[in-house]
Amino acid sequence: MASNSRPSMHFSRTLLHNSSVFGNHTGDVSCNSYELWEEDLRCIEELGLTHYRLSLSWPRLLPNGTTGHVIDGLIARNVSPMVTLYHFDLPQALQDRGGWLSPDVAALFDAYARFCFGTFGDRVKLWITVNEPYVCAKLGHEDGVHAPGVRGPRGVAVYLAGHNMLRAHAMAWHSYNTDYRQRQGGLVSVAINSDWAEPLDTESAEDAAAAQRYLAFSLGWFAWPVFVTGDYPEVMRAAVDAQSQRLGHAGDGPSRLPRFSEDEPGILGTADFFALNYYTTRKVRRPQGGGGGGGGGGGGGGHVIGGGEETLMCMKTDLDAEGVADPCWPMCGVPWLAVAPHGLRELLKYIKATFNHPAVYITENGFAQTGPVLMDDARRAAFYRDTIAEVAKAIEEDGVNVRGYFAWSLLDNFEWADGYSARFGLFHVNFSGDERARTICE
């Protein structure tokens, strides 16, 4: 952690509970882009990139800090920055006040976003407000495997955290639209992660319905309010409320899935493009005997959907679907990442048809290496070749308006619960040396 920083919820979690991270690794230094940003610019230049996505650290940010040098250095090299405001590092001071479960956090995020727009918006034209709200809500506030490590109340906290992240996004988008867009000319969105989901049995109506629920509880959870209706998918709300009624939770009280207030800035239409993080695909079915089931998908440690006991109130049983990888698909490093490039094309077609044909940036997609370091990585090269070919088909044959593709990631880095054991970088980082040397993978 930089000397001028304040703790974030991730710093606190790895400091106090690092047994939950592979090898007790911490992100205190990681690849040290804070100090080695000029070396990172060299790597970007070596690859000939035209765009680069980076994140600001809410607890660290200063008006004249290193981040400004990175942005200026990118522009000097004709590389357009895409800047993420929130990538899982809520200031610990705000976490102590309830974090994403507090209704106050949305307005505080808006104030932080306005500071960033005002400080960097003359140079940054592509903004992401919140990265993967699904991961922070589900893995951080129900499963407890990601920061802040909260486990419930199950079936309640997960939806409240997701709701407050959407409220924060909407406030920030409206602030930009009202006060900054005219003079800065930028675009703002929220990065949504999702697997592609297809029925395990293509002849089964139950499996087809389960696949639709799977998409509704991942992609639709955050995209439907922004792009379609201003509320959550009806199939999701119906499933949550039906499970509440079965478990005697409903009564006359409000739904566990919150509603957006008419007294706050509206959520519908608060994205200038669709930002998609895609890693894998699942074959989906209704769990045998009802209830939840296992699933997977997504970067940063696995985005698990499904599973659980039929009588347990939680998102898993609300979903009532389980996803499995086709055994024919090769696995890559981490156990949740089955290589399925075709799923990205299918998901892009679905986004075009479902969300009013938006402009799409693929903001994360990548291949993990574990075990011995392989600098001549033919599997990773084949992955990117096959994946980009599927994106090309989506553009040329399906008419999807894909504007850009960002590989995850430029460098090996601290991969949340996987620590440094999972390596996604196009450049390998030697974490055992103080220099954190970067070497390009061939």
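A residue is called buried when its relative accessible area is under 20%, exposed when it is over 50%, and partly exposed in between, with a 1.4 Å probe and protein chains only. The model is predicted, so that local features need pLDDT of at least 70 and side-chain atom pairs count only at pLDDT 80 or more, while totals for chains, interfaces and linings use all residues. Residues are numbered from 1 along each chain as its sequence is written, and side-chain values use heavy atoms, with hydrogens and water left out.

**Exercise 1. Describe the chain as a whole, from secondary structure to surface.**

Step 1. Helices (H or I, at least four residues) and strands (E, at least two) are DSSP runs, numbered from the N terminus; the chain has 13 helices and 12 strands.

Step 2. Of the 442 residues in the chain, 59% are buried.

Step 3. With contact meaning heavy atoms within 4.5 Å, residues 24 or more positions apart account for 74% of the contacts that have a separation of 6 or more.

Step 4. The chain exposes about 17,400 Å², of which carbon and sulfur atoms supply 52%; accessible areas come from the Shrake-Rupley method with a 1.4 Å probe, and for residues only the protein chains shown count as cover.

**Exercise 2. Follow helix α12 into the loop after it, and decide whether asparagine 356 is buried or exposed.**

Step 1. Helix α12 covers residues 341–354, which is 14 residues, and its span from first C-alpha to last is 20 Å, close to the 20 Å expected at 1.5 Å a residue; the expected span is 1.5 Å times one less than the number of residues.

Step 2. The buried residues of α12 include Leu344, Arg345, Leu347, Leu348 and Ile351.

Step 3. Asparagine 356 lies in the loop between α12 and β9 (360–364), and its phi is near 65°, a positive value in a residue other than glycine.

Step 4. Asparagine 356 counts as exposed because its relative accessibility is 59%.

**Exercise 3. Find where asparagine 78 lies and give its phi.**

Step 1. Asparagine 78 is placed in the loop between α3 (66–76) and β2 (80–86).

Step 2. Its phi is near 60°, again positive in a residue other than glycine.

Step 3. Since its relative accessibility is 67%, asparagine 78 counts as exposed.

**Exercise 4. Work out the surroundings of lysine 283 and serine 194.**

Step 1. Lysine 283 belongs to strand β7 (residues 281–285), and it counts as buried because its relative accessibility is 18%.

Step 2. A polar contact is a pair of N or O atoms within 3.5 Å; within protein, one must be able to donate a hydrogen and the other to accept it, and residues adjacent in sequence count only if both atoms are side-chain atoms. The side chains of lysine 283 and glutamate 198 make such a contact at 3.0 Å.

Step 3. Leaving aside neighbours within four places in sequence, lysine 283 is in contact with residues including Glu198, Pro199, Glu322, Asp326 and Trp329.

Step 4. Serine 194 is found in the loop between β4 (187–193) and β5 (196–199), and it is buried because its relative accessible area is 2%.

Step 5. The side chain of serine 194 has a polar contact of 3.4 Å with that of serine 218; not counting residues up to four places away in sequence, serine 194 also touches, among others, Leu215, Tyr278 and Leu347.

**Exercise 5. Place aspartate 241 and name a side-chain partner.**

Step 1. Aspartate 241 is in helix α10 (residues 234–246), and it is partly exposed because its relative accessible area is 28%.

Step 2. The side chain of aspartate 241 makes a polar contact of 2.6 Å with the side chain of serine 255.

Step 3. Aspartate 241 and arginine 256 are 15 residues apart in sequence, and their C-alpha atoms are 7.4 Å apart in space.

**Exercise 6. Locate the peptide bonds described here as cis.**

Step 1. The bond from alanine 147 to proline 148 is cis, with omega near 10°, and proline 148 lies in the loop between α6 (133–141) and α7 (157–179).

Step 2. Tryptophan 408 and serine 409 are also joined by a cis peptide bond, with omega about 5°; serine 409 is in the loop between β10 (402–405) and β11 (427–429).
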